[in-house]
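Visitor: I would like a close look at a single part of this model. Please keep it brisk.

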Number of protein chains: 4
Amino acid sequence: MERFRPGLPNDITFPDKPREECGVFGIYAPGCDVARLTYYGLYALQHRGQESAGIAVADGKKVQLYKGMGLVPEVFSGDQLSQLKGNIAIGHVRYSTTGASHAVNAQPLLFRYAEGVLALAHNGNLTNVTELRSQLMAGGAVFQSSTDSEVIVNVIARSNRGDLKDALTKCMIDIKGAYSLVILTEDKLIAMRDPNGFRPLCLGKLDKGYVVASESAALGTVGAGLLRDVEPGEIVIIDENGLESFQVLQPRRRSHCIFEYIYFARPDSSIDGFNVNQVRRAMGRVLAEEYPVEADIVIPVPDSGTAAARGFAERSGIPFEEGLMKNRYIGRTFIQPTQDMRDLAVRIKLSPIREVLAGKRVVMVDDSIVRGTTSNKIVALLRDCGVQEVHMCLSSPPITRSCYYGIDTSNEQELIAAKMSTEDIRRQIGADGLHYLSLEGLLNIFGASRDSFCTACFDGNYPVEVVKPQETGKYSLE
Amino acid sequence: MERFRPGLPNDITFPDKPREECGVFGIYAPGCDVARLTYYGLYALQHRGQESAGIAVADGKKVQLYKGMGLVPEVFSGDQLSQLKGNIAIGHVRYSTTGASHAVNAQPLLFRYAEGVLALAHNGNLTNVTELRSQLMAGGAVFQSSTDSEVIVNVIARSNRGDLKDALTKCMIDIKGAYSLVILTEDKLIAMRDPNGFRPLCLGKLDKGYVVASESAALGTVGAGLLRDVEPGEIVIIDENGLESFQVLQPRRRSHCIFEYIYFARPDSSIDGFNVNQVRRAMGRVLAEEYPVEADIVIPVPDSGTAAARGFAERSGIPFEEGLMKNRYIGRTFIQPTQDMRDLAVRIKLSPIREVLAGKRVVMVDDSIVRGTTSNKIVALLRDCGVQEVHMCLSSPPITRSCYYGIDTSNEQELIAAKMSTEDIRRQIGADGLHYLSLEGLLNIFGASRDSFCTACFDGNYPVEVVKPQETGKYSLE
Amino acid sequence: MERFRPGLPNDITFPDKPREECGVFGIYAPGCDVARLTYYGLYALQHRGQESAGIAVADGKKVQLYKGMGLVPEVFSGDQLSQLKGNIAIGHVRYSTTGASHAVNAQPLLFRYAEGVLALAHNGNLTNVTELRSQLMAGGAVFQSSTDSEVIVNVIARSNRGDLKDALTKCMIDIKGAYSLVILTEDKLIAMRDPNGFRPLCLGKLDKGYVVASESAALGTVGAGLLRDVEPGEIVIIDENGLESFQVLQPRRRSHCIFEYIYFARPDSSIDGFNVNQVRRAMGRVLAEEYPVEADIVIPVPDSGTAAARGFAERSGIPFEEGLMKNRYIGRTFIQPTQDMRDLAVRIKLSPIREVLAGKRVVMVDDSIVRGTTSNKIVALLRDCGVQEVHMCLSSPPITRSCYYGIDTSNEQELIAAKMSTEDIRRQIGADGLHYLSLEGLLNIFGASRDSFCTACFDGNYPVEVVKPQETGKYSLE
Amino acid sequence: MERFRPGLPNDITFPDKPREECGVFGIYAPGCDVARLTYYGLYALQHRGQESAGIAVADGKKVQLYKGMGLVPEVFSGDQLSQLKGNIAIGHVRYSTTGASHAVNAQPLLFRYAEGVLALAHNGNLTNVTELRSQLMAGGAVFQSSTDSEVIVNVIARSNRGDLKDALTKCMIDIKGAYSLVILTEDKLIAMRDPNGFRPLCLGKLDKGYVVASESAALGTVGAGLLRDVEPGEIVIIDENGLESFQVLQPRRRSHCIFEYIYFARPDSSIDGFNVNQVRRAMGRVLAEEYPVEADIVIPVPDSGTAAARGFAERSGIPFEEGLMKNRYIGRTFIQPTQDMRDLAVRIKLSPIREVLAGKRVVMVDDSIVRGTTSNKIVALLRDCGVQEVHMCLSSPPITRSCYYGIDTSNEQELIAAKMSTEDIRRQIGADGLHYLSLEGLLNIFGASRDSFCTACFDGNYPVEVVKPQETGKYSLE
């Protein structure tokens, strides 16, 4: 159990807009223990969500669901897994910002409607959910959670008149924003990805079936090989007749989330054609080109800065070192230092190696700064060890805008780069130099695909219109 | 944590028809800690349901919900209670027959719909739920649980066009069967009881507000006094304008559940005009009249047979004794005896007092026999202590039919009295005599009100038509 | 999980002198699942201690131990029980007054010493433990807990030079006070009872072995029959050679704890020749003779006053009624009412039946009053229901002195009867009459055995000299 | 929660000889929250033991202890920490091989003896513990655990006649083997290290006090600076008079555990003059010199092979890459793959990056091979990704002998290098090349200090005589 966002503490909560980063997984594999394979798949996606986990299994006739709060191995016991028998399964891990009562938001959600049973796991964030919900409620719908998923199922239920494919198509036309969905019926596994392709979703092949997952790293864990990514605007239906694909909406300009490469995804995943580790390495190389500095060593802020730091070292010729150790045991129940021990807060999580650092001019590579509350402490830690110069390099451009497509960035007032110049930030964090990767440099890494990414959090170019939620208090559920 | 149904083991499960006995509670009390009072109210109703517990609280603007699996004190911590702030609250305890995945069935349920937010707690069983659900699904509704409550809310949501009172009235017209409902909106507490008055529901008065509860015993626990029962077919709405009552449906022939008096309710509750303890005492007296036997002592099967045994002793002149002790610690996690220790199973729960029993002719009074799997063991236990004669008297007539109004009897194939004559049952349980209270004798206890009760489980006279559920597998949720 | 001492709240703690009421159990039964049988035996003794539970099992060669904090079914899972394989077992349940860190005090304790392995479970309280511990420490002994048991084992270890019987004899000569001990070695089950016979200990017979237990009620639970009580001053050794008995010390004047009959023991137990239920019934009859009062009904404070109330009704001819219902679900985690709800505190636990009580003159029978903090609330509860007169009768004489033989009474400053006259107490609790059973009347119940009991808590006649502990702070362990 | 020994599975258990790798911590800091600082100190040492954790605190008069099974943050809640008030504290984390019943082995242990109270935390393994225990038992001592610590305290208790310093000196003379001890009395913090200096122990300085810890990395976490290592054969006593040091035994030939550098210790610790990270880097460089191979990339088995892999890359000029990702969430409750999924077992924990590996000749650096059960699976994983050649390099010589000084290696029959030649091992694991770091090369890294290390597990030169335990079954405790 460790913290996953060095610059984005878990304790920032947005009760007004529950948006989260999640991981989804689905498997169609007659004859296999699909619940257990989903368990391993979710486990490989654990970094995408640590708050809740759930698995739904279908055996051709009925659908069973088990979910709970906590990490995958905390939620499931062997007994529970064994009871989930079937040929098809979907799973979900969820990162969120909230308390116990939100167990109701854990996924997959399981619904019975006129045409049968449907379970759904969702990664993303709809931008027209308020509008959709209002329309649905006007038609008599009731909602038990604040999840987009419940809205999606109601949309499907309203339009399904015996032809699921048709209903899914209508659904895709109605819902706007970011969504990578896996859906389970009594006998089908379905995958859908929004026409912009915001969130990742890939397709894998087993000897006896198929797998869909947020990241390709989850395929290897269950012994599957990567087939391809699910296309933006595509619906994939897998059942006893095999795999059927529908390009429902022509992919608009692709808008893959570039932050998956910068920070979220596992280095061993390949997303929409690019291996994450290779991209991060390249970011480091570009950083070295953009920021030619004289220094003695390059160190990462572990773990997310490691690949970029290596790329920086490679290109610059400055030796790579591990100057900071990360304590891997920080968990949810960890007792934080009291006020008077505040200077220990960073030391408990990051420990500098004095032998590596003392007397050196250091380039320190991190992935991003969001609110800017930690970087100054890390710089101070280095100074305490006798570091002479600290040059901080970030493998992302300055984050100046909020994300509305499934990532829980801070709201704009809290984003340090929305309020201060790079020079002011440098001064505040106490570094001798501060360099953000240029957006241009970042995009160039992807070559011919350089226009296939969403860069809204850097430049405000939101690919899909965002309606800010203004729901009144009288609807509030908790 | 103890088992509550000597003749009706917890391990009888009906996956096909999840009907349960529950307890509901509601309070409107501005200025009071309504969550904590609901906690005590539910605690007083704990015998009506030990599987899950939940509380929803409204503060005039928003509604908060907390619920979980387990006994009331297991589900709520002091911290959680403190976070539930408001002026109005409802609560629910639920007895059920199923596993962990049914957390989704825990109540209250909380819904957002076009007109606002609504939380609902239900005791009873609708008889036209399949039909209603089909109609609603045909209109696009989706269901996340197998509870009647979700159906009821959908019915309300469909018909509510700005006038809640109107929508509740329409709802009462649409739903059939047994229901005692407490409903919470942002600023109202609502109570509804079906026109037959199957399940109990009473109204209490606080200095500063009102209470509704399944049983009057829950009123004293929160310092309220009994005002009256909610009438069959009545809707009560309590808000800042005080209490308003609507006799929506003219009460048909009342059909109060007579098993509340025989077994379910607390002895210190008064339901529809009769104190439970007094009724049980009278049952014993009638038993003594109906079954004049020579015996040395009268003993109860504790605890539910105690009051009737006392009545029997009173009328017959045969001394009352406590010949069986009940171990009060049997809990969910108790490890059952293995096959080869099977004869210990009863001894662990019931312990005979040899000094009281040896050499005696014993009248043993119990409330009822359902499947007949335990009585023979208890009789054998007495014989082991040197009891000379065992006369078993039951304070209910033979149960020969299933209940469809909110009680989880076995299905008819398992009901021993549906399959065997009283004489055969006597022989099977090894008693020297066996007497069931006559239905006539039972009803006479209630004097002029003798026609106000449902006796369907004894004579098959179902007051409300029952549609047996035949839902197909494809809808099954778990 | 319910509270067990109506007049003796759990929250009185004595950090200075950790004395507790406990239950012990032992079984020698080759070929049987002795761990599971001990589980049922402890379960039957659960009322003697709810804080911790433990079982040690021997298989002829080695000894295994499992123990933990909580009720018997909370401490043991089926898996854990299954791992405890062997022919001999002992078990212990412990009532105590303290926090988590005292897990170190849970029993049985398991020791290795020069002659082998020895596990020990103890009920009682040594009166010379300070002196013994000092002597042992002077000889180099170290102590890891504040239990008497650790002292006893050290005493045995010091004197055992290859002859266990001899060592046990020496031990019995050295230790003073109250002890009922069950001891387990690799191949033997041993039971020892102090020469005064303070705490109960009985011997039972199985088809294939023997059982020892604090109360005979635990014998039936495992299918054993009562053979006899272990004699004061007797050591019983059970092994493959059968049962051997040694009357090590001539029983001095017997000093059986009379409070076992008044309050602690189960009604279905027989201790030193007297059935507890019968004795309690007799107490009620004597009360009725000593306190002839005109009244309409006799009610017990449930559950401990029930048998005596019945005896009172029997002798006086005043009808017995159940006027107070006890809520059986009060557990450790129950959230207590806040200050402003204080008048609810009693109502939550005890609920009056108005129909029984209103307008009546009531004799209320309880077992004892210790600090006098609850009785006034119960009396007020009755008055609220319209009771006209309340006569409180107690089946024990006034408690004026502390116990040093294994019962956790309050210290003398807190005992209400040590500070106030009966008339003052009556006024304080608000009763119209108050009568304590006379010591003379109490003892007469036992006929020729009337001099075989310890009555120190009533009259200060301590049968064994008590050295008040004055250990210095520097030794304090927590 | 992750496993920490890639080559040494947790499931090897040694019921006969409970030896473990542990971490100890002590602090003397009047005016500070010593319990909380110890919590952070233990947290920094968590890698040395994940089974149990405990803290003892002294306030000058009394000593309090809290300990439990699990990781540091699992064992302690904020409330519990807050109750541990004082000026001095010691703590312990323990790695072990056994089940729940060994809670009794959790440390620190707390003892009362003739001269007061003493708590003790131990890292190491005594070699004459059987002999000592027998002597002590012959003198009447009893033992409640199988820990060396209990033996040590008894040794101290026997010889302490009012002069603690004297008793500690005598103790050091009596006990043989490996021990780094921290001891707490009511008002003193004591540190002792065996005359060979097997296990690490260092001394740190706070503004207002002192710290002792197994590794220097724990000093920074509490804001302390490294003063020096505790010398072999030294006793340090810290109290209100400051720090006093006694060189009790002249250090014999130093025998520091060389495996601390190879595998156990944190890279950011410095032990006996050498920084662990630097040493590991040097190991890699020596490996590159000893094994000149043509290859395309050097990859580590994460995390323990990383530093050495970097050193190898540095010296060889072959590019360093991260070709294997480690899943960081593997915890105790993780559900292992079933038999038929066995080939997934490694994939769940280690995930290869195909983009890095395909078509390459790879040097893979790991720290050690113990039983050889995992390496073949990792090699196969690489082959699956299209790796052309796999050269496995280990930063330790072959392990051929068991450790008796506090490390839980397998017994010799299970050590692969004790049974097979390097060539046979290479063939078994399926590598194209296999090279172990030479002992000569390893020792040379330490220059002039090259003779200060224990290399028994490589060459069988045991610095302190080992008496193999042959305790009979009758003493066995569990």
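Leaving aside its neighbours within four places in sequence, which residues is A:Cys454 in contact with?

Guide: Bear in mind that this is a predicted model. Outside its neighbours within four places in sequence, A:Cys454 is in contact with A:Phe198, A:Ser255, A:His256, A:Cys257, A:Ile258, A:Tyr405 and A:Pro463. A:Cys454 itself sits in strand β23 of chain A, residues 453-454. It has 25 other C-beta atoms within 10 Å. The cut-off for buried is 20 or more, so A:Cys454 counts as buried.

Now the annotation. An unreviewed UniProt entry puts the feature "binding site" at A:Cys257, A:Cys403, A:Cys454 and A:Cys457. These positions are spread over 201 residues of sequence, yet they cluster in space. The largest C-alpha distance among them is 9.9 Å. One of the four, A:Cys257, is also on the contact list of A:Cys454.

A:Cys457 belongs to helix α17 of chain A, residues 456-459. A:Cys457 is buried too, because 28 other C-beta atoms lie within 10 Å. So two of the annotated positions, A:Cys454 and A:Cys457, are buried.

One step back, to the chain that holds this site. Chain D superposes on chain A with an RMSD of 0.1 Å, after a rotation of 180° and 0.0 Å of shift along the axis. This is how a two-fold axis relates two copies. Both copies use the same surface: 98% of the contact residues of chain D recur in chain A.

Note on methods
Residues numbered from 1 in each chain as written. Chains lettered and ligands numbered in written order. Predicted model: local features only at pLDDT ≥ 70, side-chain atom pairs only at ≥ 80, totals over all residues. Least-squares fit on C-alpha atoms with pLDDT ≥ 70 in both. Contact = placed C-beta atoms within 7 Å. UniProt positions renumbered as here; feature names shortened; annotations may be inferred. Helix = DSSP H or I, 4+ residues; strand = E, 2+ residues; numbered from the N terminus. Buried ≥ 20, exposed ≤ 12 C-beta atoms within 10 Å, placed from the backbone.
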